[in-house]
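Reader: I'm new to this one and would like to learn how to read it. Could you walk me through some features, one at a time?

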Amino acid sequence: MAVGYLVTVVLAVLIVVFCLVRIRGPQPLFYFSYRLGLVFNEIPHVALYALVASTALAFSEGDIATTADRVNVGVAAVAAAGLVVVTLRGVRTASVVRVALDDAFGAGTVRRRRPPLARILLRPVFRRRSDVKRVGNLSYGDGGRRNLLDVYHHRSRPEGGSVLIHFHGGHYDQGRKNTQSLPLLYRLAGQGWVCISANYRLRPDFSHPAHLIDAKKVIAWAREHAAEYGAAPEAAVFVSGSSAGGHMAAQAALTSDDPAYQPGFEEADTSVSGAIALNGFLAEYFDGDPATSPVNLVRADAPPFLIAHGDLDELVDTENPRALVTALRSVSTSPVAYVELPGGHHAFDLFHSFRFEALIDGIEDFAAWVTARRKSA
């Protein structure tokens, strides 16, 4: 039996199972499944490439000689079909995003685009763009390296761009800037936006409201300095975040200009034009204080929201974001778009995948709608 080929096939089968099914078993199994799903649920074609290449190599070297080997080839074919299914679920995202945004903002909100096939199929893990410059490690507070941010802007520095601020996830006790939602940051910066990715203070050394205060400081910094990198003087400012960062973004959007969270900079403008939560945890903070839940912070003048969540998220059930969507729609005068991504797991924003590229298209259209409404107001 071709042992090396068998190992490849078994790994491919595990990848398919972990992508198609939400695993919540014992910690070692969960960790293994989560890590494999984290990568291959977004770029299953990479696993398919490896499986096809391994099968071709096994045949070319004469390793498929026994009945067991032929059974292994059959299992490989089933695994390949499973990887195609995983890929097609990601492709479905475009239509799901279109329906969700049309429902929230009106028919025709989303422009139809062709997915960047070369980038998705051949360079999914390379996020950088030659037309975008990253200015790293700028200080926005007195928290040392946890109060540093990066700015992404077009190298030509065109004037008049909007601003996107992104906060990373990591359970509020880990994570760092320059790791998450990079395809989004580079895409928008390549179109003239000024994008900011920020660190913030973490548990256990700091707890709520320190994280929110840091978020407010970043917004204030952006309003003071983003024009230096090409943003319009009165630019629309969007706040976004992944996982715990989504919690921060929602809190910041729903507590604009609240002096309780702006010690020492109470007069700063920390309002935002729109909020984007990706795979966000949107309930109470670890201390259980109801005041830390975005659901309990909703207000009539809340900005427009776009909330995106995978229907197979292993860490945060869909009931969590749905609760905020329901609360916002019952109180806010602004529209709320909720995109439930078919087959989406947690942390779907790391690579150039069919799923995330389609969602980025939706984020662009969401921002265009908000900006147009803002100009007409």
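Reader: Where is Pro 204 placed?

Author: Pro 204 sits in the loop between β4 and α8, and α8 covers residues 210–225. Keep in mind as we go that this is a predicted model.

Reader: What is the peptide bond from Arg 203 to Pro 204 like, cis or trans?

Author: Look at omega for that one. The bond from Arg 203 to Pro 204 has omega near 0°, and it is cis. Now slide along to Pro 209, which is in the loop between β4 and α8 too. The bond leading into Pro 209 from His 208 is cis as well, with omega near 10°.

Reader: And the strand before that loop? Where is Ala 198?

Author: Ala 198 belongs to strand β4, residues 194–198.

Reader: Is Ala 198 buried or exposed?

Author: For this, you check the relative accessible area, and under 20% counts as buried. Ala 198 has 0%, so it is buried. Then ask who surrounds it: setting aside neighbours within four places in sequence, Ala 198 is in contact with residues including Tyr 140, Leu 148, Leu 149, His 166, Phe 167 and Val 218. Ala 215 makes a nice exercise in sequence versus space: it is 17 residues from Ala 198 along the chain, and their C-alpha atoms are 8.4 Å apart.

Reader: Let's try a helix. How many residues does α5 have?

Author: α5 has 13 residues, 93–105. From its first C-alpha to its last it reaches 18 Å, close to the 18 Å expected at 1.5 Å a residue.

Reader: Which residues of α5 are buried?

Author: Thr 93, Val 97, Ala 100, Leu 101 and Phe 105 are the buried ones. They cover an arc of only 105° around the axis, so they are on the same side of α5. As for what lies over them, the cover includes α4 (67–91), β7 (305–310), β8 (336–341) and α11 (354–376).

Reader: What follows α5?

Author: Gly 106 does, and its phi is positive, near 115°. A little further on is Thr 109, in the loop between α5 and α6 (117–122). The two residues are linked by a close pair of atoms: a polar atom of the Thr 109 side chain lies 2.5 Å from the backbone oxygen of Gly 106. Thr 109 has a relative accessibility of 13%, so it counts as buried. Leaving out neighbours within four places in sequence, Thr 109 is in contact with Leu 101, Asp 102 and Asp 365.

Reader: Which other residues have a positive phi although they are not glycines?

Author: Two to look at are His 171, with phi about 65°, and Ser 243, with phi about 55°. His 171 is in the loop between β3 (163–167) and α7 (182–190). Ser 243 is in the loop between β5 (237–242) and α9 (244–254).

Reader: Is Ser 243 buried or exposed?

Author: Buried, because its relative accessibility is 14%. His 171, at 46%, counts as partly exposed.

Reader: Last one: how many disulfides are there in the whole structure?

Author: A search of the whole structure finds 0. While you're on cysteines, check two for accessibility: Cys 19 is buried, with a relative accessible area of 0%, and Cys 195, at 0% relative accessibility, also counts as buried.

Definitions and conventions
Residues are numbered from 1 along each chain as its sequence is written. This is a predicted model: local features need pLDDT of at least 70, side-chain atom pairs count only at pLDDT 80 or more; totals for chains, interfaces and linings use all residues. Side-chain values use heavy atoms; hydrogens and water are left out. Helices (H or I, at least four residues) and strands (E, at least two) are DSSP runs, numbered from the N terminus. Buried means under 20% relative accessible area, exposed over 50%, partly exposed in between (1.4 Å probe, protein chains only). Contact means heavy atoms within 4.5 Å. The expected span of a helix is 1.5 Å times one less than its number of residues. The arc is that of the directions from the helix axis to the C-beta atoms. A polar contact is a pair of N or O atoms within 3.5 Å; within protein, one must be able to donate a hydrogen and the other to accept it, and residues adjacent in sequence count only if both atoms are side-chain atoms. A disulfide is a pair of cysteine sulfur atoms within 2.5 Å.
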